[in-house]
Amino acid sequence: MTVAALIIDDSPFARKIIRHHLTKLGFHVEGEAETAAQGLRLFRELKPKLVTLDVMMPEREGIDSLAAFRTMRKEVPETAIVVVSAVPFEKTRDTFLNEGATAYVIKPFSQFSFEPVRQKLQRAFPAWTA
Amino acid sequence: MNVDSRDIANDSSIDQKAVQDLRNEGENLLSDLVDMFIHEVPGQLATLEAALAKRDVGAARLTAHTLKGTSANFGAARMQALANAIEEKARNGSLDGASATVVELRAECTRVRDALKAVR
């Protein structure tokens with residue numbers, strides 16, 4: 001089973017590293033977005049099963065990360081959304097997790113960053129065998 | 001600026017373990033990231049300097065945050081501390097002294113770039 005993924009992050013470094021790790025885990029990265037607004041458009045177009053969403057991105061077109069997150073949760077609640085952030089604030093993390101984020105990953109990424117995510121995604125996608 | 005002396009105790013611009021971890025990932029990840037650093041960071045610095053010139057705290061905060069994130073990938077502690085100092089100033093709504101810090105940041109980015117060129 002191939003699981004389609006979308007990366008939303010304004011940092012090209014982060015996008016590159018996330019793509020690397022997701023590909024290694026067996027996901028198919030179908031799209032990348034630099035802003036929350038662009039990400040929301042690609043979300044509707046590509047219908048990914050997995051989204052990684054950066055917390056801190058410049059607001060464009062009146063949409064920030066939290067707004068995009070809430071919209072995606074409302075439109076397709078079963079989508080797994082992994083929130084990535086350099087902000088280790090508990091309040092921010094709790095906001096996303098309480099509202100249904102699959103996981104909250106702190107940057108910078110290490111070889112171990114995605115292990116807890118992999119475990120959660122295996123539960124989210126039982127047929128996925130990566 | 002008030003970067004903790006522990007942040008600059010190590011005179012290496014990048015963390016060799018962080019670099020080795022990226023190299024171990026294979027698939028040219030390290031090399032690609034170094035290329036991105038060389039091409040992306042000058043523009044980010046220019047954006048930050050323009051934001052400071054306009055006293056635009058929002059843009060300064062975001063761009064400094066981006067540079068901080070970039071540095072963290074390579075364990076570039078001093079670059080990270082300098083970018084963080086500017087981000088914190090902007091977060092607090094005052095950019096006093098930030099122009100001097102960005103001069104240091106630009107110089108440190110050059111050191112990091114040269115160090116990365118040597119290890120990729």
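Before I describe the sheet, let me fix one term: two strands pair if DSSP finds at least two bridges between them. With that in hand, and bearing in mind that what we are looking at is a predicted model, I would like to begin with chain A, where 5 strands form an open sheet in the order E2-E1-E3-E4-E5, with parallel pairing. The edges of this sheet are strand E2, residues 28-33, and strand E5, residues 103-106, each of which pairs on one side only, and from one strand to the next the twist averages 20 degrees.

Let me stay with two of these strands. Strand E3, residues 50-54 of chain A, and strand E4, residues 80-85 of chain A, are paired in the parallel sense over 5 bridges; among the residues involved, Val51(A) has Ile81(A) as its bridge partner in E4(A), and Asp54(A) has Val84(A). Helix H3 of chain A, residues 65-75, packs on the sheet and touches E3 and E4 of chain A, its direction making about 160 degrees with that of E3(A).

How enclosed is E4(A) by the rest of the structure? Of its 6 residues, 5 are buried, so E4(A) is largely enclosed. Ile81(A), which we have just met as the partner of Val51(A), appears again in the largest nonpolar core, a set of 68 residues in which those with the most contacts are Ile81(A), Val83(A), Ala60(B) and Ile86(B).

That list brings us to chain B. Leaving aside residues up to four places away in sequence, Ile86(B) touches Ala60(B), Ala64(B), Ala98(B), Thr101(B) and Val102(B). Of these, Thr101(B) sits in helix H5 of chain B, residues 98-119, and is buried, because 21 other C-beta atoms lie within 10 Å, the cut-off for burial being 20 or more. The C-alpha atoms of Thr101(B) and Lys117(B), which are 16 residues apart along the chain, are separated by 24 Å.

Now to the helix pairs, beginning with one that involves both chains. The axes of helix H1 of chain A, residues 12-25, and helix H2 of chain B, residues 29-53, come within 10 Å and cross at roughly 165 degrees; H1(A) and H2(B) are therefore roughly antiparallel to each other, and their crossing is right-handed. On the H1(A) side the residues that meet H2(B) are Pro12(A), Phe13(A), Lys16(A) and His20(A), and on the H2(B) side they are Leu29(B), Asp32(B), Leu33(B), Met36(B) and Glu40(B).

H2(B) also packs with helix H1 of chain B, residues 16-24, at an angle of about 120 degrees and with the axes 7 Å apart, and this pair is therefore oblique. Val19(B), Leu22(B) and Arg23(B) of H1(B) make this contact with Leu29(B), Leu30(B) and Leu33(B) of H2(B).

Finally, a word on backbone geometry. Which loop holds Lys47(A)? Lys47(A) lies between helix H2, residues 36-46, and E3 of chain A, and although Lys47(A) is not a glycine, its phi is positive, at about 50 degrees. Lys47(A) is partly exposed, since 13 other C-beta atoms lie within 10 Å. In chain B, Arg55(B) has a positive phi of about 55 degrees, and Arg55(B) is not a glycine either; its place is in the loop between H2 and helix H3, residues 57-73, of chain B. Arg55(B) is exposed, because it has 11 other C-beta atoms within 10 Å, and the cut-off for exposed is 12 or fewer.

Methods: Residues are numbered from 1 along each chain as its sequence is written. Chains are lettered from A and ligands numbered from 1 in the order in which they are written. This is a predicted model: local features need pLDDT of at least 70, side-chain atom pairs count only at pLDDT 80 or more; totals for chains, interfaces and linings use all residues. Helices (H or I, at least four residues) and strands (E, at least two) are DSSP runs, numbered from the N terminus. Axes are lines fitted to C-alpha atoms, for helices over the stretch in contact, and angles run from 0 to 180 degrees between N-to-C directions. Two residues are in contact if their C-beta atoms, placed from the backbone, lie within 7 Å. A nonpolar core is a set of buried Ala, Val, Leu, Ile, Met, Phe, Trp, Tyr and Cys residues joined through C-beta atoms within 7 Å. Angles under 35 degrees count as roughly parallel, over 145 as roughly antiparallel, 65 to 115 as roughly perpendicular and the rest as oblique. A crossing is left-handed if the near helix is turned anticlockwise from the far one by less than a right angle, and right-handed if clockwise.
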